[in-house]
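Here is a quick briefing for anyone meeting this structure for the first time. Take a look at the chain, and then we'll walk through it topic by topic.

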Amino acid sequence: MPYGSNTTINALTYIAYREKIQFPGLTIKEGIPPSKRYLNTLIYGAKECNLDSEWIEYLKNQKVATMPLIKLSNEELKKIKEKIYTPQDLKLKNLPLDQAFNEKGELIRPIISSICGLVFMCNPNQGFAIGARAWIKQILGRDMTVFYARRCLRNEGVSLYETEQDILLADRDCLDYVIANACNLLRQSRIEGEGVFLLGRTTNFHLWKDYL
């Protein structure tokens, strides 16, 4: 039923759901709830359009999805600290972009990048990297912390994150999002043959230290 109308219409509803993702108290059949940031965007839009206060309160009371985070053990932290990379090291350990891809545009050589101070080597068999030339160009030999933070835009649709310090000073949701992405890579690095390997850390390890 459209807003402000008593006439029903046929409509499509998008429901996000993935079998591998589980949330406490929710079943797959119910779908995945929105992230806190996405829900805040809906609330912001409802206020912007002067929707009923009852509807805005309804939105505020919706469940939100949270990404489970991994806590690193002392052994893992010690191993990470054994090798320290500088931004220059990251760049030097990567081939030129035209040598990393074949004639079909598929990634054929490993690439190195980092998130929140954790350095990763991603092999070609890692699904997200294959064929993603434009995406790889942005992260090749770089720190992806701000790159990921920019994907987590504020409600106004404007990215305010230019440095890692911006992220530390911003809301916790954004840092949770970025750390969760790094945690996903950590999970994959623990599965043999997945193609993501944790190599060490960069000089910006303070992000992880402060977070943990």
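The protein chain holds 10 helices and 4 strands. Keep in mind that this is a predicted model. Starting at the N terminus, the elements follow the order α-α-α-β-α-α-β-β-α-α-α-α-β-α.

**The chain as a whole**

- The protein chain has 212 residues, and 35% of them are buried.
- If you take the contacts between residues at least 6 apart in sequence, 64% of them join residues at least 24 apart.
- About 13600 Å² of the protein chain is exposed, and 53% of that area comes from carbon and sulfur atoms.

**Helix α1 and what comes after**

- How does the span of α1 fit its 13 residues? At 1.5 Å a residue the helix should span 18 Å, and its end C-alpha atoms are indeed 18 Å apart, so the two agree.
- The buried residues of α1 are R37, L39, I43 and A46.
- Among the things covering those buried residues are α2 and α9.
- After α1 comes N50, with a positive phi near 55°.
- N50 sits in the loop between α1 (36–48) and α2 (53–60).
- Is N50 buried or exposed? Its relative accessibility is 65%, over the 50% cut-off, so N50 counts as exposed.

**A salt bridge in helix α2**

- The count of salt bridges comes to 1.
- The partners are E57 and K60, whose closest N and O atoms are 3.7 Å apart.
- Both E57 and K60 belong to helix α2, where they are 3 residues apart, about one turn of the helix.
- E57 has a relative accessibility of 41%, so it counts as partly exposed.
- K60 is also partly exposed, with a relative accessible area of 40%.

**Strands β2 and β3, and the loop between them**

- Look for S113 in strand β2, which covers residues 111–115.
- S113 has a relative accessible area of 0%, so it is buried.
- Leaving aside residues up to four places away in sequence, S113 touches L118, V119, F120, I139, R142 and M144.
- C116 lies in the loop that links β2 to β3 (118–122).
- What is the phi of C116? It is positive, about 55°, although C116 is not a glycine.
- As background, most residues other than glycine have a negative phi.
- C116 counts as buried because its relative accessibility is 0%.
- C122 belongs to strand β3.
- With a relative accessibility of 2%, C122 counts as buried too, because the cut-off is 20%.
- Which residue has its C-alpha atom 6.5 Å from that of C122, despite being 75 residues apart along the chain? That residue is F197.

**Helix α9**

- Helix α9 takes in residues 172–189, which is 18 residues.
- From its first C-alpha to its last, α9 reaches 25 Å, close to the 26 Å expected at 1.5 Å a residue.
- Plenty of names turn up when you ask which residues of α9 are buried: C174, L175, V178, I179, A180, N181, A182, C183, L185 and L186.
- You have met α9 already, as part of what covers the buried residues of α1.

**The second largest pocket**

- The second largest pocket has a volume of about 220 Å³.
- Its lining is made of 12 residues, and those nearest the centre of the pocket are E76, K79, I80, S189 and L198.
- Which elements each supply at least two residues of that lining? They are α3 (74–80), α9 and β4 (196–202).
- Strand β4 gives the most to the lining of this pocket, with 4 residues.

Note on methods
Residues numbered from 1 in each chain as written. Predicted model: local features only at pLDDT ≥ 70, side-chain atom pairs only at ≥ 80, totals over all residues. Heavy atoms only, no water. Buried < 20%, exposed > 50% of the residue type's maximum accessible area, 1.4 Å probe, protein only. Contact = heavy atoms within 4.5 Å. Areas by Shrake-Rupley, 256 points an atom, 1.4 Å probe, with all protein chains shown as cover. Expected span 1.5 Å × (residues − 1). Salt bridge = Lys/Arg side-chain N within 4 Å of Asp/Glu carboxyl O. 1 Å grid on protein atoms, 1.4 Å probe; cavity = no way out; pocket = protein on both sides within 12 Å on 5 of 7 lines; lining within 4 Å. Points joined across faces, edges and corners; volume = space filled by probe spheres on them.
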